[in-house]
Amino acid sequence: MTDVTRGLLIVISGPSGAGKGTICKELLDKNDDLYISVSATTRNPRDGEIDGVNYYFIDRSEFMKKIEADDFLEYAEVYGNFYGTPKSKVEEMLLSGKNVILEIDIQGALKVKENSKEGIFVFILPPSMEELKQRIIKRGSETTESLMTRFKSAYQEINYVSKYNYAVVNDQVEEAVKKIEAILTAEKCRVDRIKENILDSKEGVIHEQLYD
Ligand code: 5GP
């Protein structure tokens, strides 16, 4: 029978500057049944980023060891650095009933889609490409070269929206957060998720009516 107490696995992707990070932070602040997976990465920490909070910052050889040990639910190389989702922590959180968010790139999302039976795939879009460019520039954390790379990739990445279940335009963060909360509520009510449990309890009632 489907375990209705198991949390939902939500995979969120979208181009750099679409606002995934802000949306996820806001979702976490407003929903205590959520867990945002902390990835491991070989990229250097940006100003203000904390090891174990934003990412687990590890070196390449440690990352390779983790790949060997099958520690990742998925991993990918993004802009020359490796990023991976710790498998055991995600499973532990799902089992405990938490809804788990993976904020990962498209390659990683497609791997989860391929390898896992579960997953709700949400693509975050910027309101326009010009707005996206301004947001990346405003963030100020990238070199000009890295900024151009991220902006060019954004153009290509948007084509992958069709592989996802939901698209959310991040015009106003509050609105985007509300939409994702609505998606979660709807997913919890999906008949294919709860069907067996409903039928089971219905049988219970019929049984009592027949034999009491
Ligand atoms: P950033 O360097 O800006 O933090 O992240 C760069 C990209 O890597 C973003 O698109 C982010 O979603 C993605 N990313 C972060 N963690 C993971 C992960 O564990 N797996 C994959 N595949 N991508 C990730």
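**Surroundings of E49 and of the ligand**

E49 is located in the loop that runs between strand 3 (40-41) and strand 4 (56-57). The structure is a predicted model, and the distances below are computed from its atoms. Within this loop, the side chain of E49 approaches the backbone nitrogen of R46 to 2.8 Å. When neighbours within four places in sequence are set aside, the residues in contact with E49 are R43, N44, N54, Y55 and F57. Two of these contact partners, R43 and Y55, also appear among the residues that come nearest to the ligand.

The ligand occupies the largest pocket. It is surrounded by 16 residues, of which S39, R43, Y55, Y83 and D105 come nearest. By class, this shell is made up of 5 nonpolar, 4 polar and 7 charged residues. Strand 5 (72-78) contributes at least two residues to the shell, and strand 6 (81-86) likewise contributes at least two.

Several polar atoms of the protein lie opposite oxygen atoms of the ligand. R46, whose backbone nitrogen is reached by the side chain of E49, places a polar side-chain atom 2.9 Å from a ligand oxygen. For E103, an N or O atom of the side chain is 3.1 Å from an oxygen atom of the ligand. In the case of G84, a backbone N or O atom is found 3.3 Å from an oxygen atom of the ligand. The ligand taken alone exposes 510 Å², and 93% of that area is buried by the protein.

R46 thus links the two parts of this description: its backbone nitrogen lies 2.8 Å from the side chain of E49, and its own side chain has a polar atom 2.9 Å from an oxygen of the ligand.

Methods:
Residues are numbered from 1 along each chain as its sequence is written. This is a predicted model: local features need pLDDT of at least 70, side-chain atom pairs count only at pLDDT 80 or more; totals for chains, interfaces and linings use all residues. Side-chain values use heavy atoms; hydrogens and water are left out. Helices (H or I, at least four residues) and strands (E, at least two) are DSSP runs, numbered from the N terminus. A polar contact is a pair of N or O atoms within 3.5 Å; within protein, one must be able to donate a hydrogen and the other to accept it, and residues adjacent in sequence count only if both atoms are side-chain atoms. Contact means heavy atoms within 4.5 Å. A residue is near a molecule or strand if one of its heavy atoms lies within 4 Å of it. Accessible areas come from the Shrake-Rupley method with a 1.4 Å probe; for residues, only the protein chains shown count as cover. On a 1 Å grid over the protein atoms alone, a cavity is a set of points where a 1.4 Å probe fits but cannot get out, and a pocket is an open set with protein on both sides within 12 Å along at least five of seven lines; lining residues have an atom within 4 Å of a point. A molecule sits in a cavity or pocket if more than half of its atoms lie within 2 Å of its grid points. Ala, Val, Leu, Ile, Met, Phe, Trp, Tyr, Cys and Pro count as nonpolar, Asp, Glu, Lys and Arg as charged, and the others, Gly among them, as polar.
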